[in-house]
Amino acid sequence: MPAEPRAPKALADPEALAARRALIDSPHIAPIRALAARIAAERGAPVPAPDPLDGGVGARMLLLLETPGPAVLRTGFVTRDSANGTAANLFRFLAEAGLSRADTLIWNAVPWLIHAEGARNRAPRRAEVAAAAPYLAPLLDLLPRLAVAVLAGRFAGEAAPSLAALRPDLPVIRVPHPSPTYVCTAPEVPERIRRGLAEAAAILDRASG
């Protein structure tokens with residue numbers, strides 16, 4: 001297993017990306033990759049795989065973002081190591097909170113790519129969020145150790161009622177989206193993200209005790 005990156009945007013390095021892709025058949029992400037393949041077939045759009053350096057089916061924290069950005073086609077992964085501002089912010093916030101990669105799974109409320117080739121990033125539409133909702137249950141079925149869910153952004157936050165119905169005892173924490181667009185809006189935005197992730201880390205610590 002390659003060493004964990006110590007700085008953001010690690011997958012901008014072609015060698016690092018090749019090393020990550022060499023782990024694509026890792027058993028701990030295989031069931032989630034199978035779900036991603038099913039979603040891709042049903043929606044007719046690419047669905048990035050979970051990062052093999054993260055926890056996969058062993059994850060105790062689900063971090064739900066909104067939708068893959070267009071740049072995901074370069075890596076093929078949902079990862080904090082992509083060469084974009086959102087991933088770089090996420091890398092730093094997760095590191096500050098002391099959250100282990102082995103404890104985390106990063107996924108998207110709308111897990112397939114919604115952008116036309118060459119188009120700029122956009123928020124998901126209501127119809128896309130509704131179409132994605134049925135895929136949450138099979139994802140949760142693959143995460144038996146899940147102890148907390150963090151919902152990042154408005155559209156990810158709309159998964160809260162479904163999570164409550166599917167896992168009534170699962171703590172759910174809402175935070176702003178880590179995109180630079182939001183993080184730079186006001187000082188309280190990054191602080192809310194930090195507080196939410198610190199709360200998630202505390203929940204995991206208590207669960208380990």
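Two aromatic rings of Phe, Tyr or Trp count as a pair if their centres lie within 6.5 Å, with the six-membered ring used for Trp. By that rule, this predicted model has 1 aromatic pair. It's made up of Trp112 and Tyr135, whose ring centres are 6.2 Å apart and whose planes meet at 80°. Planes over 60 degrees apart count as edge-to-face, so this pair gets that label.

Where do Trp112 and Tyr135 sit? Trp112 is in the loop between β4 and α5 (126–132), while Tyr135 is in the loop between α5 and α6 (136–141). The two are 23 residues apart in sequence, so the pair ties those separate parts together. Both Trp112 and Tyr135 are buried. Trp112 has a charged partner too: the charged end of Arg43 sits over its ring, 4.8 Å from the ring centre.

Next comes the sheet. It's an open one with 4 strands, lined up as β4-β2-β5-β6 with parallel pairing. The edge places go to β4 (104–108) and β6 (172–175); each has a single partner strand, so one side of each has no neighbour in the sheet. On average, neighbouring strands here are turned by 20° against each other, ignoring direction.

At the β6 end, strand β5 (residues 148–152) runs parallel to β6 and is joined to it by 4 bridges. Ala152 stands opposite Val175 of β6. Over by β4, helix α4 (residues 85–97) lies across both β2 (61–65) and β4, and runs at about 155° to β2.

Terms used: Residues are numbered from 1 along each chain as its sequence is written. This is a predicted model: local features need pLDDT of at least 70, side-chain atom pairs count only at pLDDT 80 or more; totals for chains, interfaces and linings use all residues. Side-chain values use heavy atoms; hydrogens and water are left out. Two strands pair if DSSP finds at least two bridges between them. Axes are lines fitted to C-alpha atoms, for helices over the stretch in contact, and angles run from 0 to 180 degrees between N-to-C directions. Contact means heavy atoms within 4.5 Å. Rings of Phe, Tyr and Trp (its six-membered ring) pair if their centres lie within 6.5 Å; planes under 30 degrees apart count as stacked, over 60 as edge-to-face and the rest as tilted. Buried means under 20% relative accessible area, exposed over 50%, partly exposed in between (1.4 Å probe, protein chains only). A charge sits over a ring if NZ of Lys or CZ of Arg is within 6 Å of the ring centre and within 35 degrees of the ring normal.
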